[in-house]
Amino acid sequence: MTTTTRVAWIGLGKLGLPMAARIVGAGHSVQGYDLSAQRMALAEGVGIRVHADLASAIEGCTLVFVSIPDDKALLGLALNSGDLIEKMAPGSVMIETSTVSIEASARVAAAAGEKGIAYLRSPVSGNPVAAESGTLSAMVSGPREALDQAIPVMKSFTKAQYWLGEDEQARFAKLAINLMIAVSAGMMGEALAMARKGNIGWDAMLELMADSAVGSPMVKYKALPLKERDFTSTFSAVQMAKDLDLILGCAHGAGVPVPLAAQMREAYASLIGTGYGEDDYIATVHHTERLSGLSALQSAPRG
């Protein structure tokens, strides 16, 4: 595919880099920037034109994608030392793909509006594996015409783009989905502890869970590494704790009681405090096993 579309991608982390690489693979020209020299080198290796400063990275690009870790990074990039909004050309589109708070997003939206920049909140559902395969789902809110402009590029790294409204709807949706994921991880940990207490084989219970009425795509996906007791992080316990803080703030601000979110936040605090913070968020298994008096197995029990 040949195209003259030039895209900027700011933030080349675990999700940002594979998403940007998919855009390159679709035939678009991608200009990239990250604070990490290592990530910049990796980006250059997949055909991204890296730039040493933010201004040159976005030069000539009407679509500017952003993928950063948290509120502090977003506000620093967009409004403070990075001054991205001020550097962007009026009439361009900023597509922000991270999981951040409603409040931080609204501040960026206000600044973008004053500069004449269309701001799309576009957090994604999925992990680095889904980013590499182009099967992420995007929850989008902001000007619909801006989404129409961005969709040809977004299709290279997403399987679906759900437009939810003009304002912060995508932020609410992303936090709601992550609440369901956190609670599902807690549910799996408790169910597996019960199964161990009942002398059910580890593999047998995981297969049953995946094939049961609650065998969601997430349960099926996590059953595979759990069979090997592999807690290598695709999204860490620390990251989930951060998202649960955002969920609690969002829900409380909207007057929604979320006792399950509060319970899971405490569970992740315990995981972090006992040394599992960098493990995958499904390490809730460790938490429930410890509370149940079960040994911390190093490999999967068979039978």
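So, let's start with G255, which sits in the loop between helix 12, residues 237-253, and helix 13. Keep in mind that what you're looking at is a predicted model. Is G255 buried or exposed? Its relative accessibility is 63%, and exposed means over 50%, so G255 counts as exposed. If you want a feel for where that is, take G91 as a second landmark. Going C-alpha to C-alpha, G255 and G91 are 36 Å apart in space, and in sequence they're separated by 164 residues.

Okay, follow the chain on from that loop into helix 13, residues 259-273, and look at how helix 13 packs with helix 14. Two packed helices are described by the angle between their axes and the distance between the axes. Here the angle is about 85° and the axes are 9 Å apart. That makes helix 13 roughly perpendicular to helix 14. Who's touching whom? On the helix 13 side we have M264, A267, Y268, S270 and L271, and they meet T284, H286, H287 and R290 of helix 14. Sorted by class, that contact has four nonpolar residues, four polar ones and one charged.

Now, helix 14 has another partner. Helix 14 covers residues 284-291, and its axis comes within 8 Å of the axis of helix 9, residues 169-197, with a crossing of roughly 45°. So helix 9 is oblique to helix 14. The crossing is right-handed, by the way. Helix 9 brings A185, G186, G189, E190, L192, A193 and R196 to this contact, and helix 14 answers with T284, V285, T288 and E289. The split this time is four nonpolar, four polar and three charged. And notice T284: that residue is listed in the contact with helix 9, and also in the one with helix 13.

Let's move to the cores. How many residues does the largest nonpolar core have? The count is 56, and the residues with the most contacts inside this core are W9, I10, F65, L84 and M94. The helix giving the most to this core is helix 8, residues 144-154, with six residues. Apart from this core there's another one, of 36 residues, and L192 is among them, along with V219, A237 and I247. We met L192 a moment ago, on the helix 9 side of the contact with helix 14.

Last stop, W9. Setting aside its neighbours within four places in sequence, W9 is in contact with a whole list of residues, including G16, M19, I23, Y33, F65, T97 and F157.

Conventions: Residues are numbered from 1 along each chain as its sequence is written. This is a predicted model: local features need pLDDT of at least 70, side-chain atom pairs count only at pLDDT 80 or more; totals for chains, interfaces and linings use all residues. Side-chain values use heavy atoms; hydrogens and water are left out. Axes are lines fitted to C-alpha atoms, for helices over the stretch in contact, and angles run from 0 to 180 degrees between N-to-C directions. Helices (H or I, at least four residues) and strands (E, at least two) are DSSP runs, numbered from the N terminus. Angles under 35 degrees count as roughly parallel, over 145 as roughly antiparallel, 65 to 115 as roughly perpendicular and the rest as oblique. A crossing is left-handed if the near helix is turned anticlockwise from the far one by less than a right angle, and right-handed if clockwise. Contact means heavy atoms within 4.5 Å. Ala, Val, Leu, Ile, Met, Phe, Trp, Tyr, Cys and Pro count as nonpolar, Asp, Glu, Lys and Arg as charged, and the others, Gly among them, as polar. A nonpolar core is a set of buried Ala, Val, Leu, Ile, Met, Phe, Trp, Tyr and Cys residues joined through side-chain atoms within 4.5 Å. Buried means under 20% relative accessible area, exposed over 50%, partly exposed in between (1.4 Å probe, protein chains only).
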